[in-house]
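User: I would like to go through the labels used for this model and see what each of them rests on. Please take them one at a time.

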Amino acid sequence: MDPVEFIKCELVPKLVSDGKLSCDSDVAIKSCEASKLGEDGTFMRTLCYRVKVELFGVKSGLTDTVLLVIKLTPRNIPSEFYEGGNYAQLFENEFITYSKILPLLQDLEIYYPKYFYSNLTHREEIIVLSDFTADGWSVAKPVTNLSLENILASVKLLGRFHGYSYGIKETNPELFSDIRKQLKLTSFFADTTGNDVWDILSTKSISRGTNSIREAKETRNEIPEDFLMDFEEYLENPMKVQRILNEPSEPLAVLCHGDFLSNNIAFKKNSTSTTMAMMFDFQTLRYSSPMVDLATFMANSTGVDVRKPHFDDIFRAYHTELVKALCEKWNKNEDELPSHYSYSNFLKEYAKYLPFGYSIAASFIPILHFPIADPIAEMQDFTLDNENFEELLAKNLNLGGETVNRELRALILDIYSLQKITGVTLK
């Protein structure tokens, strides 16, 4: 059945009959409209639909409108992509996040969509959430090179999320341990063979930035060739590095969003015109270093023109909010916190993880800068068996041209500079 017809004829009637959309048991559907999201090229792994349901009370005659976002597993996705994409784990993680984790964060100013319903049936996964755009939230356009205002709002939100998670970890370790054991790492978990198309694309993308540094007049003398060679060697199997760095390492391991990018963050201004940020899409929630989130965000969602002159302000804003939330939950003052929560220690962790962010950005920011109209269709075409595989690979490796090259050069320069400042080395 067509997804829109399924939503209108089966799913929404079930939600209404089960009382998921209204406290009034005596309601009926007046109308239901559904439209697909992501057709503007926004990268999405799942099928997402914006749904408007008009309800009316049979006895009262009162009407109500409920605005939803419904996420579905693509029904015709090949088995290898379903398994390789970890769709079952993605939906299970999001269910756990909304049902068990986010309720623990209600005391803090952390915004996220309202949860209504989920179904975890194999290959028929569903999650139903509120449409946050109805409350004035919106995703930034474009979804890369965010403004300084949006960057600061994002990292403050992330700092609060990490800080409050640390607070639960410190004050209720049994609860925290129980929660994290339920989460399933949805990527970077399998040994890479080098023959998977995504491994190939990710691996070949790494040298795009280093080669661009060698070729560009303004950067070819800024970084020693020895460093560039060490960098390429360190990331010669980027999926392996990502898998290793995703392993939790104490004492800084914490609950992480796992995909903290600008296309998973919404913004709006409050009554004082201060920009607030909301995080959504919790399918990749994991227990790992907090820098899995921050390094991924900085590498993929900020541009050099804003990040470079304002890095200290951005990083300080993140760390300040983290410490504030941790102290609030733990009932401690900042000077009473263990030394591993210090600014300098977090900066070292960031220096260690920024290559992780780069390893994702090398193949992903081209898509963010120049979106693919239908990512799922592109994914299905991009296989080793496709006779046009080399052509598709070359297209992806050059997507975005000099615009992307400049951003990748800047990230490598950031890594080089941070390692000199912190003493962290590639290893």
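Analyst: This is a predicted model. A starting point is Ser202, which touches Pro238, Met239, Ser359 and Ser363, leaving aside residues up to four places away in sequence. Ser202 sits in helix H6, residues 197-215.

User: Why is Ser202 called buried?

Analyst: Its relative accessible area is 6%. The label buried applies under 20%, so Ser202 qualifies.

User: What makes His369 buried rather than partly exposed?

Analyst: The value for His369 is 18%, and the cut-off is under 20%. His369 therefore counts as buried. This residue belongs to helix H11 and is in contact with Thr144, Asn145, Thr403, Val404 and Glu407, not counting residues up to four places away in sequence.

User: How do you know whether Tyr318 is buried or exposed?

Analyst: Tyr318 has 0% relative accessibility. Buried means under 20% and exposed means over 50%, so Tyr318 is buried. Tyr318 is part of helix H10. Not counting residues up to four places away in sequence, Tyr318 touches Val155, Leu158, Gly159, His162, Pro290, Met291, Leu294 and Phe346.

User: Why are H10 and H14 called roughly parallel?

Analyst: Helix H10 (residues 304-330) and helix H14 (residues 401-422) pack at an angle of about 20 degrees, and their axes are 10 Å apart. Angles under 35 degrees count as roughly parallel, so the label fits H10 and H14. Their crossing is left-handed. On the H10 side the contact is made by Val304, Asp305, Arg307 and Phe311, and on the H14 side by Arg406, Glu407, Ala410, Leu411, Asp414 and Leu418. Sorted by class, this contact of H10 with H14 has five nonpolar and five charged residues, and no polar ones.

User: What makes H7 roughly perpendicular to H14?

Analyst: The axes of H7 (residues 225-234) and H14 cross at roughly 105 degrees and come within 12 Å. The range for roughly perpendicular is 65 to 115 degrees, so H7 and H14 get that label. Phe227, Leu228 and Phe231 of H7 meet Ile412, Ile415, Tyr416 and Gln419 of H14. By class, the contact of H7 with H14 has six nonpolar residues, one polar residue and no charged residues.

User: Which residues have the most contacts inside the largest nonpolar core, and what makes a set of residues a core?

Analyst: A core is a set of buried residues of the listed nonpolar kinds, joined through side-chain atoms within 4.5 Å. The largest one has 99 residues, and those with the most contacts inside it are Leu294, Phe346, Tyr350 and Tyr358. Helix H11 (residues 343-369) gives the largest share of this core, 16 residues. Apart from it lies another core, of 24 residues, including Phe6, Val51, Val66 and Leu68.

User: Which residues does Tyr350 touch?

Analyst: Tyr350 touches Met291, Leu294, Ala295, Met298, Phe311, Phe315 and Leu418, again without residues up to four places away in sequence.

User: How far apart in space are Trp330 and Tyr164, C-alpha to C-alpha?

Analyst: Trp330 and Tyr164 are 8.7 Å apart, C-alpha to C-alpha, with their positions 166 residues apart in sequence. Trp330 lies in helix H10. The contacts of Trp330, not counting residues up to four places away in sequence, are Glu170, Thr171, Leu337, Pro338 and Tyr341.

How values were computed:
Residues numbered from 1 in each chain as written. Predicted model: local features only at pLDDT ≥ 70, side-chain atom pairs only at ≥ 80, totals over all residues. Heavy atoms only, no water. Buried < 20%, exposed > 50% of the residue type's maximum accessible area, 1.4 Å probe, protein only. Helix = DSSP H or I, 4+ residues; strand = E, 2+ residues; numbered from the N terminus. Contact = heavy atoms within 4.5 Å. Axes fitted to C-alpha atoms, helices over the stretch in contact; angles between N-to-C directions. Parallel < 35°, antiparallel > 145°, perpendicular 65-115°, else oblique. Left-handed = near helix turned anticlockwise from the far one by under 90°. Nonpolar A, V, L, I, M, F, W, Y, C, P; charged D, E, K, R; others polar.
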